[in-house]
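Welcome! Let's get to know this structure together through a few questions and answers.

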Amino acid sequence: MTSFQVAIDGPASAGKSTVAKLVAQKFGFIYCDTGAMYRAVTLAALQQGVAMDDEAAIIEIAQHLPLRFEAGDPQQVFLGDQNVTQLIRTSEVAANVSAVAAIGEVRTAMVAMQREIAATDNIVMDGRDIGTTVLPQAPVKIFMVASAYERARRRYEDNKQRGLPTQSIEALQAAIELRDQKDSTRAVSPLTQAPDAIRLDTTHLTIEEVVNEISEIIEKTQ
Ligand code: C5P
């Protein structure tokens, strides 16, 4: 039996992972955060002191990444024995991840892992290129957007609520816009809406409303 796949793509901090997790829980599907994978490659490179323009070294890291996910809330991310769940969310990783994710061979290695994860279980996968490249046959594709200000505001509130150090909303918005611009203009698998994806603007929607909209789409499609 092939698995049922839900692809959720969109720009940075549009609420994809929050919503994807809840939808997965609701339907008993597994959840895969592909952004965490690119972040883990970036973190490993930074930890090893690799220069961000040393493509050969970064590709080597991506091809041998000892990445593991463990269930939990939030899902726990490990590199070997090291729990990197928090470390992959730092502003240093965020500032460098787009450059790492623009390397073609890094993407080839990540896409192979992602397809393997999606092969057997029903899944909700979120990222930038899931509907266009990783799972182009997915029966449900969502492209989730929200205004840059709203995305920065949500990230700010989220950081505060988690007790994490945070930049101002304005600084967060500038960083988000820069990352979107890099992700949308790279040569390999740029962030773009698949022609058959449903666009969902969440600027004025609650998390619950977004989850409900996607749930209805899944129910109609299944
Ligand atoms: O989703 P998240 O913001 O954690 O993703 C971090 C970065 O990883 C993105 O800005 C993008 O550069 C990269 N990414 C990607 N393709 C994906 C998921 C994430 O290029 N499928």
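A residue counts as buried here when its relative accessible area is under 20%, and as exposed when that value is over 50%. The model we are looking at is a predicted one.

Q: Is T42 in helix α2 buried or exposed?
A: T42 sits in helix α2, which covers residues 34-47. Leaving aside residues up to four places away in sequence, T42 touches M52, V93, N96, V97 and V100. Its relative accessibility is 0%, so T42 counts as buried.

Q: How many helices and strands does the secondary structure of the protein chain come to?
A: Helices and strands both occur in the protein chain. The count comes to nine helices and eight strands.

Q: What radius of gyration does the protein chain have, and why does it agree with a compact globule?
A: The C-alpha trace spans about 50 × 45 × 35 Å along its principal axes. For 222 residues, a compact globule would have a radius of gyration near 17 Å. The chain agrees with that because its own value is 17 Å.

Q: What percentage of the 222 residues in the protein chain is buried?
A: Let's start from the outside: the protein chain exposes about 10,900 Å², and carbon and sulfur atoms supply 51% of that area. Among contacts with a separation of 6 or more, 72% are between residues 24 or more positions apart. Buried residues make up 46%.

Q: Which strands stand at the edges of the open sheet β3-β4-β5?
A: Strands of a sheet pair through backbone hydrogen bonds, either parallel or antiparallel. In this open sheet the order is β3-β4-β5 and the pairing is antiparallel. Two strands each have a single partner, so one side of each is left without a neighbour in the sheet; these are β3 (67-70) and β5 (82-83).

Q: Which residue in β5 stands opposite L79?
A: Strand β4 takes in residues 76-79, and two bridges join it to β5. These two strands run antiparallel. Opposite L79 stands Q82.

Q: How far apart are the end C-alpha atoms of helix α9?
A: Helix α9 has 15 residues, 207-221. At 1.5 Å a residue, α9 should span 21 Å. The distance between its end C-alpha atoms agrees with this, because it is 21 Å.

Q: What arc around the axis do the buried residues of α9 cover?
A: An α-helix has 3.6 residues a turn, so residues three or four places apart point the same way. In α9 the buried residues are V210, V211, I214, S215, I217 and I218. They lie on the same side of α9, because the arc they cover is only 160°.

Q: Which exposed residues does the face of α9 turned away from its buried side carry?
A: The buried residues of α9 have cover that includes β1 (5-9), α1 (16-27), β7 (140-145) and β8 (198-201). The face turned away from that buried side carries exposed residues, namely E208, E219 and K220.

Q: Where is the cis peptide bond, and what is its omega?
A: Most residues other than glycine have a negative phi, and most peptide bonds are trans. The bond joining D73 and P74 is cis, and P74 lies in the loop between β3 and β4. Omega of this D73 and P74 bond is about 5°.

Q: What is the phi of S189?
A: S189 lies in the loop between α8 (169-185) and β8. At 17% relative accessibility, S189 counts as buried. Its phi is positive although S189 is a residue other than glycine, with a value near 45°.

Methods. Residues numbered from 1 in each chain as written. Predicted model: local features only at pLDDT ≥ 70, side-chain atom pairs only at ≥ 80, totals over all residues. Heavy atoms only, no water. Pairing = 2+ DSSP bridges. Helix = DSSP H or I, 4+ residues; strand = E, 2+ residues; numbered from the N terminus. Expected span 1.5 Å × (residues − 1). Buried < 20%, exposed > 50% of the residue type's maximum accessible area, 1.4 Å probe, protein only. Arc of directions from axis to C-beta. Contact = heavy atoms within 4.5 Å. Rg over C-alpha atoms; globule rule 2.2 N^0.38 Å. Areas by Shrake-Rupley, 256 points an atom, 1.4 Å probe, with all protein chains shown as cover.
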